[in-house]
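Student: I'd like to learn how the words used for a protein fold are justified. Could we work through one together?

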Amino acid sequence: MSPKSKDKIQIQFVGEAASEVTGSCIWVKTPHIEFLIECGLYQSSGNILSEYKINNAPFKFKPKNISYVFGCHCHGDHILRIPLLFKRGMRAPVIMPAGSAPIAQILMEDSARIMACDALDLSKQYGREYAPIYTQDHVDMCMAYLREYPMGEIIQLDEYVKFRFVPSGHIMNAAQIEIFVTEGNITKTIAYTSDLGNTHIKPYYANDFEPIHKANIFIGETTYGGEHRIATQRVRNKDLQKLKSVIENTCQNDRGRVLIPCFANSRSQVMLTHLYDMFGEDPSFKVPVLFDTPMGVRVCEAYRRLLTGEDAKKWDKVLQWPNIKFITDPMESKAWQNDDNPAVIISSSGMLTHGRSRAYAKALLGDSRNVIAFCGFSVDNSLASIIKEGKVKTIKLGGKRVANRCRVVDLHSFTSHAQRDELLNYYSNVDCEKVLLVHGDMDSKREFAIDLEQEISKKDKTSKVVCVNKSYMLGL
Ligand SMILES: [Zn+2]
């Protein structure tokens, strides 16, 4: 579908998240202004070259024409391509919810560091020079342009654009956004959910989700739109019980180790808090809890400054738990990797695609006393998926074949995403002309769209449901 010439406002889905799970980027253009809603990295199975090519590809728009970029929450697939906009000439405010800047900075700096390593590896492997996608200089520039705004207030940016952040319940300070775009004497509202939290389970440190009730165009994420197993509080409680007994059996009875690979931001802090709930008040629990992710440690420090009220009190208690060892030094990390005494290890990345969790996986895999407890999404062909499937006897890791003997636990309730039933309920209640589905693979979006259309008609509404892809353009 193409916009008509009379359409004043054009919306185009220019990131991979148009038809996949990662890589958000929505381009909005009027005769007077152009802006972006998010600009995130495409993250796949860890094939460095294909990710490099996709993330380093030219933008469909001219970065210097962009007047604003909205970033709704601090996850890489939503904001980590923004420094590249600065590298390519954009000089515009980056607008994020209050409390985002310290975490965004940690993520962007880590991303620049990984990009430098990846560029070096690619250059070596293919015998030609690959430049890093962006560097610390571009991160610094981006941070200088980052502006934070409070949740819930309508902010007038200029005569054409107003916006409001609405809590999404996804992770700390995460927002949905309503953008009011004025052309002539007509104002249209574009609502975008970014990532939504799971309201069945009150997650640690996330805000409380609030629905958006109406918009002209409603753009909704569908990360779990194709997942029919619903993660409720009951499932979560079972998972927590399972994790507790796995740790007790493995570390205390079998004298093995338990690795919990986690994303460094948010998931690892939440998991640390759950471990504290299980064992923090039990003086007989002597097992060390290794928190071995340098970026995660920086996020832990930022949490201390950013959290308020009951959350701050809880986090303080967690940080004072004597069993926790925060590890940043690479030599100390190496020593722990080679130490086969009982330990619970939180390390990143969550999909074992890079980082220290990979080194721990290599150390633990060969011994059937050990357990890897997965607590998040893993894309096909990532090391996490291969280990979870358990079909292969040996796995090549760091140039060596390792026996795939350790046990595996999959805790699927630890998602910070809204579940299928919640998405159906929320999206079918919004008063709007169109619901545009993003952040999901095409097959599950199509299947979800059929059920959503039914829900919409049950509620006597007329919103049209569209599964967008990268060639979809909308005129208003
Ligand atoms: Zn997210």
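Student: Which residues on the other side of H5 are called exposed?

Tutor: This is a predicted model, so everything we say is computed from it. On that side of H5, Asp 137 and Ala 144 are exposed. The word applies because each has 12 or fewer other C-beta atoms within 10 Å of its own.

Student: And which residues of helix H5 are buried?

Tutor: His 138, Val 139 and Cys 142, within the helix that runs over residues 136-145. They earn the name because 20 or more other C-beta atoms lie within 10 Å of each one's own.

Student: Why are these three said to lie on the same side of H5?

Tutor: Their arc around the axis is only 105°, so they share one side. In general, an α-helix has 3.6 residues a turn, so residues three or four places apart point the same way.

Student: What covers the buried residues of H5?

Tutor: The cover includes helix H3 (82-87), strand E5 (94-97), helix H4 (101-126) and strand E6 (146-149).

Student: What makes H1 and H4 a contacting pair?

Tutor: Ile 48, Leu 49 and Tyr 52 of H1 meet Asp 118, Asp 121 and Leu 122 of H4. They count as contacts because C-beta atoms lie within 7 Å. By class, four residues there are nonpolar, none polar and two charged.

Student: How do the axes of H1 and H4 lie?

Tutor: They come within 11 Å and cross at roughly 120°, and H1 passes H4 in a left-handed crossing.

Definitions and conventions. Residues are numbered from 1 along each chain as its sequence is written. This is a predicted model: local features need pLDDT of at least 70, side-chain atom pairs count only at pLDDT 80 or more; totals for chains, interfaces and linings use all residues. Helices (H or I, at least four residues) and strands (E, at least two) are DSSP runs, numbered from the N terminus. The arc is that of the directions from the helix axis to the C-beta atoms. Two residues are in contact if their C-beta atoms, placed from the backbone, lie within 7 Å. Axes are lines fitted to C-alpha atoms, for helices over the stretch in contact, and angles run from 0 to 180 degrees between N-to-C directions. A crossing is left-handed if the near helix is turned anticlockwise from the far one by less than a right angle, and right-handed if clockwise. Ala, Val, Leu, Ile, Met, Phe, Trp, Tyr, Cys and Pro count as nonpolar, Asp, Glu, Lys and Arg as charged, and the others, Gly among them, as polar.
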